[in-house]
Amino acid sequence: MTAFIRHLNSLFDQIPHDIVTLALRIFPAMVFFQSGRTKVEGLFSIKDSTWFLFEHEYALPIIPSDLAAVLGTTAEHVLPILLILGLFTRFAALGLLGMTAVIEIFVYPDAWVTHGLWAAAFLAVIVLGPGRLSLDRLFRLDGPRARRALNLEQVT
């Protein structure tokens, strides 16, 4: 049985890390991007229903609802795009992790399982970096720790 488990684990070791980091970037980013698209008309005209949501349903205690609507809707568009492209990846993941925390704490505290899944993906991206399939990698913006962690290049 131990040999079988070791064999399976060796097969799992063959899964390219770049595919994993790409999935960690794309799927939770799309949740936020699609949410952002429901809040606007056309390219980026905030809907009346969005102003209402931020004033009455989301009702954040610290920031005025009009400002929260603009910042939140903008972040739901910009940060996922950055994350998917792998540009300023860790910053984008940190921003979405912050949004996830705000949503969990102030808006929908009973949805902790879903928010925990998003947070786990964002934390993994923050720790592992974007992988080779990213603009950060192309522009050499990812750090040596990320390259070492993913065995992507020898760091001296």
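**Exercise 1. Find which residues Pro 28 touches, leaving out those up to four places away in sequence, and describe its surroundings.**

Solution. Start with the contacts: beyond residues up to four places away in sequence, Pro 28 touches Ala 23, Ala 121 and Phe 122. Keep in mind here, and in each exercise below, that you are working with a predicted model.

Next, place the residue: Pro 28 sits in helix α2, which covers residues 17-38. Then check its cover. Its relative accessibility is 8%, and the cut-off for buried is under 20%, so Pro 28 counts as buried.

Finally, look along the chain: Ala 93 is 65 residues away from Pro 28 in sequence, yet their C-alpha atoms are 9.6 Å apart in space.

**Exercise 2. Locate the salt bridges in the whole structure and say whether their partners are buried or partly exposed.**

Solution. A search of the whole structure gives three salt bridges. Let's take them in turn.

Step 1: Arg 132 and Asp 18. Their side chains meet with an N to O distance of 2.6 Å. Arg 132 belongs to the loop between α6 (112-128) and α7, while Asp 18 belongs to helix α2, so this bridge ties together parts that lie 114 residues apart in sequence. As for cover, Arg 132 is partly exposed at 45% relative accessibility, whereas Asp 18 is buried at 7%.

Step 2: Lys 39 and Glu 76. Here the side chains meet at 3.1 Å, N to O. This pair also links distant parts of the chain: Lys 39 is in the loop between α2 and β1 (40-41), Glu 76 is in helix α4, and 37 residues separate them. Lys 39 is buried, with a relative accessible area of 4%, and Glu 76 is buried too, at 6%.

Step 3: Asp 142 and Arg 137. The closest N and O atoms of this salt bridge are 3.6 Å apart. Asp 142 counts as buried at 8% relative accessibility, and Arg 137 counts as buried at 15%.

**Exercise 3. Describe how helices α3 and α4 pack, giving angle, axis distance and the residues in contact.**

Solution. Two packed helices are described by the angle between their axes and by the distance between those axes. Begin with these values: helix α3 (residues 48-58) and helix α4 (residues 65-85) pack at about 120°, and their axes are 8 Å apart. Now add the handedness: the crossing of α3 and α4 is right-handed.

To finish, list who makes the contact:

- From α3: Thr 50, Trp 51, Phe 54 and Glu 55.
- From α4: Ser 65, Asp 66, Ala 68, Ala 69, Val 70, Gly 72 and Thr 73.

**Exercise 4. Identify the residues of the nonpolar patch on the surface, and follow Leu 141 in detail.**

Solution. The patch is formed by Phe 88, Phe 91, Leu 138, Phe 139 and Leu 141. Together they have about 580 Å² of accessible area. Zoom in on Leu 141: it is placed in the loop between α7 (135-138) and α8 (144-149). With a relative accessible area of 47%, Leu 141 is partly exposed.

**Exercise 5. Work out where His 115 is found and what it contacts.**

Solution. First, the location: His 115 is found in helix α6. Second, the cover: His 115 is buried, with a relative accessible area of 5%. Third, the contacts: setting aside neighbours within four places in sequence, His 115 is in contact with Thr 100, Ile 103, Glu 104 and Tyr 108.

Methods:
Residues numbered from 1 in each chain as written. Predicted model: local features only at pLDDT ≥ 70, side-chain atom pairs only at ≥ 80, totals over all residues. Heavy atoms only, no water. Patch = residues over 30% accessible without salt bridge, like charges linked within 9 Å, V, L, I, M, F, W, Y side chains within 5 Å. Areas by Shrake-Rupley, 256 points an atom, 1.4 Å probe, with all protein chains shown as cover. Salt bridge = Lys/Arg side-chain N within 4 Å of Asp/Glu carboxyl O. Helix = DSSP H or I, 4+ residues; strand = E, 2+ residues; numbered from the N terminus. Buried < 20%, exposed > 50% of the residue type's maximum accessible area, 1.4 Å probe, protein only. Axes fitted to C-alpha atoms, helices over the stretch in contact; angles between N-to-C directions. Left-handed = near helix turned anticlockwise from the far one by under 90°. Contact = heavy atoms within 4.5 Å.
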